[in-house]
Amino acid sequence: LTQHLADAGIYQRDGNLCRIVKDQDSKIKGIGRKAAGGPVVDFHDLHSITPVIGNKISFQRERITKDGEITTSAITPPAALMHQLLRLKTWPETPHLVGITRAPFMRPDGTICTDSGYDPETGWYLDYHGSPIVVPEKPTRATAEDAARTLLSLTDDFEFMDDSHRAAFLSYLLTLIARPGIEGHCPAHVFTANTPGAGKTLLVDIANLIAFGQVPPGYQAPQNAESADEW
C-alpha cells in the first residue's frame, strides 16, 4: 500500500499520515479579524483514509459458490488493514510535509519556489495564486538595495526610533521568506513600543501578509487585568 500513498495525495508529518484540505474563512479568535480560507493540514484517521485508499486501490473478496466456482466482489478497504497502515509510523515512499505557505519562498540552494504544489526539495506546499514573480539569477547589490527601499516604503508611516529598528523589521520579513531555506535556528524578533496603539500588530501583519499571503491566527497579547504589559 505504501507505494501508492503519494499518488493518492497523502503525506507524512510528525509520524502521522495527513492530507491537504481546503479550510473555510474563519474569524481570528480574540482579534476580531478574519483569516482567509486556504489549504490546511488534516491528519488522517480511519474514517478519512479508508475512502482515499479505496478510490486509489481496488479491493476484491473471493468467494466459492456451491458449484465450486470462484467469484469476486468489490469491498471497501478492511478496517484492520487501515489501522495497521496508520500505525506503521514510517512510510518510505511517502513525501514529508513540512508546512503550507501561500507566498513564494527561498530554498536552501538560494533558488525561489514560485510553482504551486508540493516542493520535494523543501517539503513545503505552495498555494500561490498571485502575479508571476521574476527573480534575476544574479542580483546585484543595487538590485537588493532597490528591493529593500520598496519593502521599507510600506513602513513610511511608522515612527521608528532609528534606522536600526527599521532594519530589524526588514530582517524579520526576510527571515520569514527565507525560513524554508535555512537549516537550523533563526533569530527571534520582538516588537515593542513606548505607547499603546503605535502599530506593532499592523507592522507584524505587513510582514506576514508578504511572507505567507495571510495573517496567522495564533498570536495575540495576553489579556491580563493585573498587568498592562504586552508580550
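Before looking at helix 1, I noted that a residue is called buried when its relative accessible area is under 20%, exposed when that value is over 50%, and partly exposed in between. I also kept in mind that this is a predicted model.

**Entry: helix 1**

I looked up helix 1, which spans residues 46-56, and found that its buried residues are Ser48, Ile49, Thr50, Val52 and Ile53. I then asked what covers these buried residues of helix 1. The cover includes strand 2 (16-22), strand 5 (39-43), strand 6 (59-64) and helix 2 (79-86). At the start of helix 1, I found a side-chain oxygen of aspartate 45 that reaches to within 3.1 Å of the backbone nitrogen of histidine 47.

**Entry: helix 2**

Since helix 2 is part of that cover, I turned to it next and listed its buried residues as Met82, Leu85 and Leu86. Why do they lie on the same side of helix 2? They do so because the arc they cover around the axis is only 95°. Ala80 and Gln84, which are exposed, sit on the other side of helix 2. The buried residues of helix 2 pack against strand 2 and helix 1.

**Entry: nonpolar cores**

I wrote down as background that, in soluble globular proteins, nonpolar side chains tend to be buried together. The largest nonpolar core here has 14 residues, and those with the most contacts inside it are Phe158, Phe160, Phe169, Tyr172, Leu176, Leu203 and Ala207. At least two residues of this core come from each of helix 3 (141-152), helix 4 (163-178) and helix 5 (200-212). Following alanine 207 further, and leaving aside neighbours within four places in sequence, I found it in contact with Phe169, Tyr172, Leu173 and Leu176. Apart from this core lies another, of twelve residues, which include Leu5, Ile53, Leu85 and Leu86; of these, Ile53 is a buried residue of helix 1, while Leu85 and Leu86 are buried residues of helix 2.

**Entry: arginine 107**

I located arginine 107 in the loop between strand 9 (105-106) and strand 10 (112-113). Is arginine 107 buried or exposed? Its relative accessibility is 12%, so arginine 107 counts as buried. Its side chain is joined to that of aspartate 119 by a polar contact of 3.2 Å. Not counting residues up to four places away in sequence, arginine 107 touches Ile112, Cys113, Asp119, Glu121, Thr122 and Gly181.

**Entry: cysteines**

I checked cysteine 113, one of the residues that arginine 107 touches, and at 2% relative accessibility cysteine 113 counts as buried. Cysteine 186, at 25%, counts as partly exposed. Taking a pair of cysteine sulfur atoms within 2.5 Å as a disulfide, I arrived at a count of zero disulfides.

Notes:
Residues are numbered from 1 along each chain as its sequence is written. This is a predicted model: local features need pLDDT of at least 70, side-chain atom pairs count only at pLDDT 80 or more; totals for chains, interfaces and linings use all residues. Side-chain values use heavy atoms; hydrogens and water are left out. Buried means under 20% relative accessible area, exposed over 50%, partly exposed in between (1.4 Å probe, protein chains only). Helices (H or I, at least four residues) and strands (E, at least two) are DSSP runs, numbered from the N terminus. Contact means heavy atoms within 4.5 Å. A polar contact is a pair of N or O atoms within 3.5 Å; within protein, one must be able to donate a hydrogen and the other to accept it, and residues adjacent in sequence count only if both atoms are side-chain atoms. A nonpolar core is a set of buried Ala, Val, Leu, Ile, Met, Phe, Trp, Tyr and Cys residues joined through side-chain atoms within 4.5 Å. The arc is that of the directions from the helix axis to the C-beta atoms.
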